[in-house]
Amino acid sequence: MTTEPERLPFFVYGTLRPGRANHARCLRGRTAGEESALVRGVSLYEGPGYPYAVTGPAEAVVHGDLVRPRADVYDAVRAALDRLEGHVPGAPGNLYERVARQAECADGRSVRAWVYVAAEPLAGRLRTSGTPIPGGDWLHGRAH
């Protein structure tokens with residue numbers, strides 16, 4: 001297993017958001033804090049029951065939540081999220097890549113956070129033929 005020095009919070013925008021199914025499975029009771037946030041330069045697309053975030057264009061915005069795992073369970077949470085998102089650090093063929101981006105909190109703070117974005121070639125297919133989520137908010141831009 002790769003050891004990563006940065007223990008960043010996670011910016012979540014789909015089923016990992018508070019109140020959603022994967023938050024209950026992977027994060028409930030394991031966080032030190034959760035707050036609304038947004039990430040710029042990322043677009044959101046409909047997926048099969050969950051959204052995909054795709055890098056670019058610069059003016060795009062995704063709304064979600066900044067989630068801080070508790071220190072005592074951080075490595076376990078990161079491993080669980082990587083498994084859920086189909087991400088193996090450094091491996092080819094990942095469904096998502098975990099990248100560090102700046103998240104903007106409601107109070108104006110900017111926080112460096114992990115964000116799962118669709119890996120290529122999926123990201124390219126979404127950009128050309130995917131269904132964008134209006135306003136970049138999966139919870140409010142789709143029918144439930």
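Me: Buried means under 20% relative accessible area. With that cut-off in hand, why is Arg-78 called buried in this predicted model?

Reply: Arg-78 has a relative accessibility of 4%. The cut-off is under 20%, so Arg-78 counts as buried.

Me: And what makes Asp-75 partly exposed?

Reply: For Asp-75 the relative accessibility is 34%. Partly exposed runs between the 20% and 50% limits, so that is the label Asp-75 gets.

Me: How do you know that Asp-75 and Arg-78 form a salt bridge?

Reply: Check the N to O distance, which is 3.1 Å for this pair. The rule asks for a Lys or Arg side-chain nitrogen within 4 Å of an Asp or Glu carboxyl oxygen, so Asp-75 and Arg-78 qualify. Both sit in helix α2 (residues 74-84), three residues apart, so about one helical turn separates them.

Me: How many salt bridges does that rule give?

Reply: The count comes to twelve.

Me: Why is the contact between Arg-17 and Asp-137 called a salt bridge?

Reply: Their closest N and O atoms are 3.0 Å apart, and the limit is within 4 Å, so the pair passes.

Me: What parts does the Arg-17 and Asp-137 pair tie together?

Reply: Arg-17 is in the loop between β1 (10-12) and α1 (21-26), while Asp-137 is in the segment after α3 (122-129), so the pair ties together parts that are 120 residues apart in sequence. Both Arg-17 and Asp-137 are buried.

Me: What about Arg-109 and Glu-35: how do you know they are bridged?

Reply: Same test: the closest N and O atoms are 2.6 Å apart, and the rule needs them within 4 Å. Glu-35 belongs to strand β2 (residues 31-40) and Arg-109 to the loop between β6 (96-105) and β7 (110-118), so this bridge ties together parts 74 residues apart in sequence. Arg-109 is partly exposed, because its relative accessible area is 35%. Arg-109 and Glu-35 also belong to a network of salt bridges with Arg-68 and Asp-107.

Me: Over to α3. How do you know that Leu-122, Ala-123 and Leu-126 are on the same side of α3?

Reply: These three residues are buried. They cover an arc of only 100° around the axis, which puts them on the same side of α3. Thr-128 and Ser-129, on the other side of α3, are exposed.

Me: What do the buried residues of α3 pack against?

Reply: Three strands: β3 (42-46), β4 (51-55) and β7.

Terms used
Residues are numbered from 1 along each chain as its sequence is written. This is a predicted model: local features need pLDDT of at least 70, side-chain atom pairs count only at pLDDT 80 or more; totals for chains, interfaces and linings use all residues. Side-chain values use heavy atoms; hydrogens and water are left out. Helices (H or I, at least four residues) and strands (E, at least two) are DSSP runs, numbered from the N terminus. Buried means under 20% relative accessible area, exposed over 50%, partly exposed in between (1.4 Å probe, protein chains only). The arc is that of the directions from the helix axis to the C-beta atoms. Contact means heavy atoms within 4.5 Å.
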